[in-house]
Amino acid sequence: MAAAQTYDALRLVALAMFQANSTEGPKVQAALENLRQHTTSTVVSRYYLPFSPSDHEAIALNMVVMGEIRNGKVVYAYKEDASRGSIARTKKTQ
């Protein structure tokens with residue numbers, strides 16, 4: 001999971017650098033806070049405007065799934081997550 005989340009984070013940063021046409025911190029931050037590219041090439045989640053000037057969290061409560069790997073299989077903590085386990089989550093914004 002850590003590798004997948006790292007991939008997603010780097011994908012968002014790469015999209016922001018491309019949008020900003022720069023690797024300068026303030027320009028990349030401004031691009032992240034107004035990312036125009038919809039992400040369908042990420043692993044864990046799909047992002048549409050993942051950040052804003054007042055929201056720097058890429059993950060929201062609706063995206064969290066609890067489970068564990070037991071005997072090589074995912075065992076979900078909640079039944080409803082088992083039926084939705086393979087669905088990529090999209091952050092719900094307030």
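## Salt bridges, core and surface

Arg-70 and Glu-68 pair in a salt bridge, their closest N and O atoms being 2.6 Å apart. The model is predicted.

User: Are Arg-70 and its partner buried, partly exposed or exposed, and what is the relative accessible area of Arg-70?
Analyst: The partner of Arg-70 in the salt bridge is Glu-68. Glu-68 has a relative accessible area of 41%, so Glu-68 is partly exposed. Arg-70 is also partly exposed, and its relative accessible area is 42%.

User: How many salt bridges does the structure hold?
Analyst: One of them joins Arg-70 to Glu-68. The side chains of Glu-24 and Lys-27 meet in another, at 3.8 Å from N to O. The number of salt bridges in the structure is 2.

User: Is Lys-27 buried, partly exposed or exposed?
Analyst: Lys-27 shares a salt bridge with Glu-24. Glu-24 has a relative accessibility of 45% and counts as partly exposed. The relative accessible area of Lys-27 is 42%; buried would need under 20% and exposed over 50%, so the class of Lys-27 is partly exposed.

User: The backbone nitrogen of Glu-24 lies 2.9 Å from a polar side-chain atom of which residue?
Analyst: The residue sits in the loop between α1 and α2. With a relative accessible area of 13%, it falls under the 20% cut-off and is therefore buried. The side chain belongs to Ser-22.

User: Which residues does Ser-22 touch, leaving out those up to four places away in sequence?
Analyst: Ser-22 lies in the loop between α1 and α2. One residue it touches is Lys-27, which is also in the salt bridge with Glu-24. The full list for Ser-22 is Met-17, Lys-27 and Val-28.

User: Which elements give two or more residues to the largest nonpolar core?
Analyst: The largest nonpolar core has 12 residues in all, including Leu-12, Val-28, Tyr-47, Phe-51 and Met-63. The elements that give it two or more residues are α1 (2–20) and α2 (25–32).

User: Which residues does Ala-31 touch, not counting those up to four places away in sequence?
Analyst: Ala-31 belongs to the largest nonpolar core, as does Ala-16. Ala-16 is among the residues Ala-31 touches. The set is Ala-16, Gln-19 and Ala-20.

User: Which residues make the nonpolar surface patch of about 550 Å²?
Analyst: One member is Val-64, in the loop between β1 (45–46) and β2 (67–70). Val-64 has a relative accessible area of 43% and is partly exposed; a patch needs over 30%, so Val-64 passes that cut-off. The patch is made by Ile-59, Leu-61, Val-64, Met-66 and Tyr-78.

User: How far apart in space are Arg-89 and Lys-27, C-alpha to C-alpha?
Analyst: Arg-89 lies in strand β4 (residues 89–90). At 9% relative accessibility, Arg-89 is buried, whereas Lys-27 is partly exposed. They are 62 residues apart in sequence, and their distance in space is 28 Å.

User: In what order do the elements of the protein chain run from the N terminus?
Analyst: The chain has 3 helices and 4 strands. Its C-alpha atoms fill a box of roughly 45 × 30 × 20 Å along the principal axes. The order of elements is α-α-β-β-β-α-β.

User: What percentage of the 94 residues of the protein chain count as buried?
Analyst: The chain exposes about 6,800 Å², with carbon and sulfur atoms supplying 56% of that area. Buried residues, such as Ser-22 and Arg-89, have under 20% relative accessible area. Their share of the 94 residues is 24%.

Methods. Residues numbered from 1 in each chain as written. Predicted model: local features only at pLDDT ≥ 70, side-chain atom pairs only at ≥ 80, totals over all residues. Heavy atoms only, no water. Patch = residues over 30% accessible without salt bridge, like charges linked within 9 Å, V, L, I, M, F, W, Y side chains within 5 Å. Areas by Shrake-Rupley, 256 points an atom, 1.4 Å probe, with all protein chains shown as cover. Salt bridge = Lys/Arg side-chain N within 4 Å of Asp/Glu carboxyl O. Buried < 20%, exposed > 50% of the residue type's maximum accessible area, 1.4 Å probe, protein only. Core = buried A, V, L, I, M, F, W, Y, C linked by side-chain atoms within 4.5 Å. Contact = heavy atoms within 4.5 Å. Polar contact = N/O pair within 3.5 Å; in protein donor to acceptor, adjacent residues only side chain to side chain.
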